[in-house]
Amino acid sequence: MTAIDTLLHPRSIAVVGASADATKTAGRPVAYLQKHGYGGTIYPVNPRADQVGGLACYPDIDSLPGVPDVGLVLVAPDRAIEAVAALSRRGTPAAIVLASGFGETGETGARRQQALKEAAGGMRLLGPNTIGLVNLTDRIMLCASGALEMESLQGGGIAVVSQSGGILGSLLSRAAAAGLGFSKLVSTGNEVDLEAADFVDHLADDPATQVIALYMEGLRNPEKFRRAALKAARAGKPVVVYKVGRSESGARSAASHTGALAGEDRVYDALFSQVGAIRAQTFADLLDIPAALATGRRLRGRRVAILTSTGGAGTLVADSLGVAGFETPPPGPETAARLRDLQKNDQIVLDRNPIDVTLAGLQPELLRNTIATLLDSADYDAVITVVGSSALAQPTLAAGAIAASLGQSDKPVLAYVSPHAPAVLANVNRAGAPAFTAPESFAAVLSAMLARTAREGTAGAATETALTAGAAAPKSGGGTASPSAAPAAPAGLPTGSLNEAQARALFAHYGVPSVSERTVTDAAQGRREAQAFDAPVVLKVLSSRITHKTEAGGVAVGVAPDTVGDAIEAMAARVRERTGIEPEGYLLQEMASGVEMIVGVHRDPQLGPTLLLGLGGVTAELFQDTALRLLPVDRATVQDMLRSLKAWPLLDGYRGRPKADVKALEDAVLNFAAMAVQLGERLVEAEINPLFVQEEGRGVRAADGVAILK
């Protein structure tokens with residue numbers, strides 16, 4: 001077995017530091033193993049106890065009569081290192097270290113954590129600073145969480161992997177109260193060895209798991225997570241992630257617009273999108289969404305029937321769904337006729353949705369048949385049943401009616417429990433229909449179910465495709481040749497911040513066309529070179545120290561060729577006054593036109609190089625209409641990025657305008673991305689803004705450039 005197999009299915013467990021007092025944290029694990037039915041061998045280890053939980057207790061690890069599959073280490077940090085070393089010498093495959101006081105406490109703790117890893121040798125470690133793990137499928141509780149005090153813990157199809165021990169206990173207790181079941185729950189703690197991605201990878205193969213819920217604080221190995229999430233997607237097991245730290249990870253300041261727009265949290269969004277993971281926006285979603293996805297039901301559209309006997313509660317649900325883009329149409333003629341046949345007294349309201357069956361709908365047979373009719377109707381893709389206050393008197397009514405109707409359709413059936421009725425909520429969940437107590441939950445849940453349907457069979461495909469985008473020489477007429485293998489990096493690349501001319505020369509080397517231009521050093525040369533232009537030009541200051549040239553007064557548009565010399569002198573004075581920097585030179589550029597786009601690469605310190613694509617120009621940061629993806633990317637990914645933009649219609653012929661050269665734009669973006677992949681860590685940041693996208697067939701033109709190399 002692998003180490004994780006062994007951790008989840010140990011035949012024998014050494015509980016190091018076990019206490020004979022079951023009320024203490026160190027006394028809980030043995031008590032929980034016995035309470036919840038563990039059938040293997042338990043070796044309590046404590047030199048000050050003869051028995052723990054009626055079991056013989058051993059003074060040390062060397063005294064154990066056999067080699068345990070797993071060591072559960074409950075002692076303090078320094079003693080934990082000794083215990084881990086002793087377990088490793090005995091040949092124990094894996095250990096769980098609950099103690100804190102390691103890497104999370106600073107430099108001293110980090111050294112202690114390194115010593116712990118060295119003490120383990122070839123033995124695998126979970127933790128330290130973890131609450132442990134729970135295998136509800138097989139009733140194995142290697143955990144000290146007080147949530148295990150509950151008498152009844154239900155098995156189910158949801159697995160939880162949490163980088164926080166407290167969250168594991170929170171979700172376990174909430175689920176038990178709501179009638180939901182888990183397969184496995186794992187707290188990874190400091191991840192000195194085994195990390196969240198390792199367990200996601202393992203759970204993708206676990207037959208008892210249908211959905212993986214992940215509480216994430218950060219990623220130590222993004223590529224490992226990427227592979228694990230893709231594996232889960234291929235196995236048809238959605239990964240639902242609640243990532244904390246959004247308020248602390250605003251956009252970092254950087255030399256380019258890209259650095260400001262590609263905040264850390266947006267990069268995580270990009271990662272989750274590429275691997276097919278669903279991001280939970282609230283902590284409640286981390287339980288609600290997996291509960292709905294674990295049913296295996298498929299949402300194929302946005303039309304939802306809301307069945308209610310209490311108008312106000314139904315309206316709350318309908319309003320929340322409407323904001324999220326779902327439709328609640330009234331029943332069509334055929335469905336309405338079938339519903340009228342069920343309720344002969346004409347009290348049912350059929351000209352609207354929510355569909356109000358009034359108090360007559362509290363009859364079990366009528367409620368069951370109404371749900372069945374709505375599920376069978378071609379008018380709806382999902383059914384939500386509102387459970388009102390009358391359920392307090394009939395706590396099994398809704399659960400029974402819903403359970404009886406589930407077999408005839410794979411459409412989602414959900415319930416809104418309007419009153420505070422925990423028993424009713426649990427009954428409905430156990431019946432197989434996810435039930436929620438907040439009307440806002442349905443928008444999040446149905447959006448996730450719709451996303452799952454859309455992603456099935458395609459999740460992460462772009463990420464798995466090897467990047468072939470490279471560069472080729474621009475075609476005549478300004479087009480961009482189809483990307484192929486990227487060329488070798490240019491010889492003699494400087495380090496540091498490149499000036500605009502150097503940056504665009506680098507981009508051109510990789511196949512991104514540039515506007516025509518002349519570089520001049522002063523006004524006199526500018527007057528001479530301007531004679532090569534027969535139309536007004538763009539004049540720019542040239543400096544590796546000035547990135548945002550507009551703010552520095554270093555850009556002038558529509559300069560007549562015969563006034564270039566005077567414009568250069570005026571610009572030099574402006575730039576010196578505003579920045580105190582002496583210009584390196586000046587650029588005379590042809591005036592380009594088209595849709596202004598921005599394409600950039602920013603290296604996130606945790607997740608690596610990230611491609612940004614969006615609406616560009618001087619208002620890029622103002623409108624922030626951009627899409628992000630982690631590199632590498634392929635053409636399908638770039639196309640998806642473009643179509644996700646609000647500005648996409650501008651490229652696609654908005655209101656009769658000519659279509660832009662989207663194919664040339666895709667090629668340029670792929671070439672730019674190939675450059676970033678090939679240069680690797682040498683490239684700190686790069687950007688083209690604006691990249692003018694001209695009419696179809698006329699290509700693209702880079703009119704500005706930023707690049708920072710190391």
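## Exercises on a predicted protein model

Of the 710 residues in the protein chain, 57% are classed as buried. The model is a predicted one.

**Exercise 1. Describe the overall build of the protein chain.**

Start with the secondary structure: the protein chain has 24 helices and 30 strands. Next, take the extent. Along the principal axes, the C-alpha atoms fill a box of roughly 95 × 80 × 45 Å. Then turn to contacts between residues at least 6 apart in sequence: 72% of them join residues at least 24 apart.

**Exercise 2. Describe the surface and the charges of the protein chain.**

The exposed area is about 27,600 Å². Carbon and sulfur atoms supply 49% of that area. Now the charges: there are 65 positive and 73 negative ones. Their mean positions lie 2 Å apart.

**Exercise 3. How do helix α7 and helix α9 meet?**

Two packed helices are described by the angle and the distance between their axes. Locate the pair: α7 covers residues 222–234, and α9 covers residues 264–275. Their axes come within 9 Å and cross at roughly 40 degrees. Now list the residues. From α7 come Phe225, Arg226, Ala229, Leu230 and Ala233. They meet Leu271, Phe272, Gln274 and Val275 in α9. Finally, sort them: seven are nonpolar, one is polar and one is charged.

**Exercise 4. Is aspartate 285 buried or exposed?**

First, place the residue: aspartate 285 is in helix α10, residues 285–293. Its relative accessible area is 8%. The cut-off for buried is under 20%. Therefore aspartate 285 is buried. Last, check its neighbors. Leaving out residues up to four places away in sequence, aspartate 285 touches Ala280, Pro290 and Ala444.

Conventions
Residues numbered from 1 in each chain as written. Predicted model: local features only at pLDDT ≥ 70, side-chain atom pairs only at ≥ 80, totals over all residues. Heavy atoms only, no water. Helix = DSSP H or I, 4+ residues; strand = E, 2+ residues; numbered from the N terminus. Buried < 20%, exposed > 50% of the residue type's maximum accessible area, 1.4 Å probe, protein only. Contact = heavy atoms within 4.5 Å. Areas by Shrake-Rupley, 256 points an atom, 1.4 Å probe, with all protein chains shown as cover. Lys, Arg positive; Asp, Glu negative; His and termini not counted. Charge placed at Lys NZ, Arg CZ, Asp CG, Glu CD. Axes fitted to C-alpha atoms, helices over the stretch in contact; angles between N-to-C directions. Nonpolar A, V, L, I, M, F, W, Y, C, P; charged D, E, K, R; others polar.
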